[in-house]
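Hello,

Here is the structure I promised to pass on to you. Please open it alongside this email, and then read on for what turned up in it.

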Amino acid sequence: MPVEITWWGHATCAVTDSDVRVLTDPLFARRLAHLRRRRGALPPPEARSADVVLVSHLHADHLHVPSLARLAPGTRLIVPRGAPRAVPGMRRLAHLRLTEVAPGDVIRIGPLTLRAVPALHDGRRLPVGPHRSPALGYVIEGEARTYFAGDTGLFDDMAREVGPVDVALLPVGGWGPYLGDGHLDAGRAAQALARLAPLSAVPVHYGTYWPVGLDAVRPHEFHAPGDDFVRFAAQRAPRVAVHRLGHGESIRPEVAR
């Protein structure tokens, strides 16, 4: 079966490889604190179906306990090491099969190998507090090698830590008018793409959630990152096929044979 990737909005993607369905950073909410979903319908119930779910870091728009609580009993949940201690609400997830990982850890899920890789991002649940977990990316290896970057900035050893990949799912924006440290904007994501040199790329983490009341504040930061990434990628990594998906759209990317 060909590898298929669906973008459901923000950092939520479904990657089906070797008949195993992997879901990343599931967020199935119309509203999250001060954020509301401004574009794309909520993913349908079937989007919650997964064999394994990957959580990249502890921020609530990536580790969203109510969304995780909707997963089917027995679903395998992979989270950064220390997440259950830092996020007490995870006690509600007793129906899931939980595994904690750190950079360098490797897990086998049927025919897939899941490898946790570093990310340059704040791994804390809250801006202050004693609990910290590593922010992660993941490489899903089966028929293809798919890199889900989570949330990350550009770092020197990215290509070495990630290794050769066929597909890169890269964040290109955010959920507010300003991106802080430890993030990729469209330009930096294109630099990352040039370093990683995959066959295909999909921009994610943009154009979905926005703070209530800030629709008129730097609106290009909401609307433009996907198109900007396509343009910058053509300049910096012209051999990479970039697929700018709409919410709920899927691709079957090229895979090295």
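Let me start with the aromatic residues. Searching the whole structure, which is a predicted model, turns up two aromatic pairs.

One of them is formed by Trp7 and Tyr206: the ring centres are 5.3 Å apart and the planes meet at 10°, so this pair is stacked. Trp7 belongs to strand 1 (residues 4-9), while Tyr206 sits in the loop between strand 14 (200-204) and strand 15 (209-211), so the pair ties together parts of the chain that are 199 residues apart in sequence. As for their surroundings, both Trp7 and Tyr206 are buried.

The other pair is Trp210 with Phe222. Here the ring centres lie 5.5 Å apart and the planes are at 75°; because that angle is over 60 degrees, the pair counts as edge-to-face. Trp210 is in strand 15 and Phe222 in helix 5 (residues 220-223), so to find both you move twelve residues along the chain. Trp210 is buried, with a relative accessible area of 0%, and Phe222 is buried too, at 1%.

While you have that region on screen, have a look at Gly207. This glycine is in the loop between strand 14 and strand 15, the loop that also holds Tyr206. Is Gly207 buried or exposed? With a relative accessible area of 1%, under the 20% cut-off, Gly207 is buried. Leaving aside residues up to four places away in sequence, Gly207 touches Arg39, Phe222 and His247; Phe222 is the residue you have just met in the edge-to-face pair. From Gly207 to Leu245 there are 38 residues in sequence and 11 Å in space, C-alpha to C-alpha.

Next, two backbone details that you may like to check. Asp25 has a positive phi of about 35° although it is not a glycine. You will find Asp25 in the loop between strand 3 (20-24) and strand 4 (31-32), and at 0% relative accessibility it counts as buried. Ala33, also a residue other than glycine, has a positive phi near 55°. Its place is the loop between strand 4 and strand 5 (35-37). What about the accessibility of Ala33? Its relative accessible area is 62%, and because that is over 50%, Ala33 is exposed.

Finally, the chain as a whole. The protein chain has six helices and 17 strands. Its radius of gyration is 17 Å, close to the 18 Å that the globule rule gives for 257 residues, so the chain is as compact as a globular protein of that length. Along the principal axes, the C-alpha trace spans about 45 × 45 × 35 Å. Of the 257 residues, 54% count as buried. Among contacts with a separation of 6 or more, 66% are between residues 24 or more positions apart.

As for the surface and the charges, the accessible surface of the protein chain comes to about 10900 Å², and 50% of that belongs to carbon and sulfur atoms. The chain carries 31 positive and 25 negative charges, and the mean positions of these two sets are 5 Å apart.

If you want a place to begin, try the loop between strand 14 and strand 15, where Tyr206 and Gly207 are both found.

Best wishes

Notes. Residues numbered from 1 in each chain as written. Predicted model: local features only at pLDDT ≥ 70, side-chain atom pairs only at ≥ 80, totals over all residues. Heavy atoms only, no water. Helix = DSSP H or I, 4+ residues; strand = E, 2+ residues; numbered from the N terminus. Rg over C-alpha atoms; globule rule 2.2 N^0.38 Å. Buried < 20%, exposed > 50% of the residue type's maximum accessible area, 1.4 Å probe, protein only. Contact = heavy atoms within 4.5 Å. Areas by Shrake-Rupley, 256 points an atom, 1.4 Å probe, with all protein chains shown as cover. Lys, Arg positive; Asp, Glu negative; His and termini not counted. Charge placed at Lys NZ, Arg CZ, Asp CG, Glu CD. Phe/Tyr/Trp six-rings, centres within 6.5 Å; stacked < 30°, edge-to-face > 60°.
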